[in-house]
Amino acid sequence: MDELERELRDLSAWLETPDAPDVTARVRARLTTPRRRRWRAWAAAALVALVVAVLPPGRAALADAVAGLLRFAGVTVVSSSGPVLPTGTPSPLPAQRAAALDEAQRAVRFPIRLPAKLGPPERVLVADPDETGACRVATLLYRGGALRVDAFDGRLDLAFHKETNRPGAAWVQVDGEFAVWVDGPHVLSYVDRTGEVRKETARLAASTLIWQDADVSYRLEGDLTRAEAIEIARSLD
């Protein structure tokens, strides 16, 4: 089994698809023995085409159905029977600081886009600068910090790690592109530049929508329904 075939098989565990109709009797009645092999080849090709059609663009996602692991847009989502909830006050992201919106834009290498549905943020944070001072994450805070949009360069590998109860996450779409919806509270930790999950940053996060646009990854987190979150994501200006 090659890498693509394995990814397709594993991703099927995360896809929400309707039950297929039972057409066995009709197919058997119409097929003759010489045609059966040809039909199986066509069916296999159609199945592969279907799964490839729903695979996120550029194979930006990787799923391991056995481990319950999904990687998408710089975020890992791990499904388990019951993650241990964090206690105490979580540490902030590395070198996190408040900044005015224009200052924050100068501090990151990607455009900071505002959701028109929410308007200007109440507060802006930037975090995790590299050796040149360019920050890895920009955060827009709303509703007293209860609603947040984290933006980060989607080309910089992983940035956040989520632990959810099974099934935990589902594929949705934002403007026709793939996104991931994590329904309900879950554990969120930051992944540093070395790829280590920083447990000291672990906190209980609210429902979250994860998507990517023009190489920028986004996390929208708050007390929102799936439909509300998608509408906010679609309003990025």
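In which strand does Arg219 lie? Arg219 lies in strand 14, and since what we have here is a predicted model, I will describe the surroundings of that residue as they appear in the model, beginning with the sheet.

The sheet is an open one built from eight strands, which follow the order 4-5-6-7-14-13-10-9 with antiparallel pairing. At its edges stand strand 4, residues 97-98, and strand 9, residues 169-174, and because each of these has a single partner strand, one side of each is left without a neighbour in the sheet. Strand 14, covering residues 216-221, runs antiparallel to strand 7, residues 147-153, and six bridges join the two. Helix 5, which spans residues 226-234, lies across strands 9, 10, 13 and 14, and runs at about 40 degrees to strand 9.

Let me return to Arg219, which is the bridge partner of Asp150. The side chains of these two residues are also joined by a polar contact of 2.4 Å, while a polar contact of 2.7 Å links the side chain of Arg219 with that of Glu221. Is Arg219 buried or exposed? With a relative accessible area of 0%, which is under the 20% cut-off, Arg219 is buried.

Turning to the nonpolar residues, the largest core has 30 members, and those touching the most other members are Phe110, Ile112, Val126, Leu209, Trp211, Tyr218 and Leu220. Apart from that core lies another, of 20 residues, including Leu70, Phe72, Ala169 and Trp171. As for Ile112, if we leave aside residues up to four places away in sequence, it touches Leu101, Ala104, Gln105, Ala138 and Leu140.

How values were computed
Residues numbered from 1 in each chain as written. Predicted model: local features only at pLDDT ≥ 70, side-chain atom pairs only at ≥ 80, totals over all residues. Heavy atoms only, no water. Pairing = 2+ DSSP bridges. Helix = DSSP H or I, 4+ residues; strand = E, 2+ residues; numbered from the N terminus. Contact = heavy atoms within 4.5 Å. Axes fitted to C-alpha atoms, helices over the stretch in contact; angles between N-to-C directions. Core = buried A, V, L, I, M, F, W, Y, C linked by side-chain atoms within 4.5 Å. Buried < 20%, exposed > 50% of the residue type's maximum accessible area, 1.4 Å probe, protein only. Polar contact = N/O pair within 3.5 Å; in protein donor to acceptor, adjacent residues only side chain to side chain.
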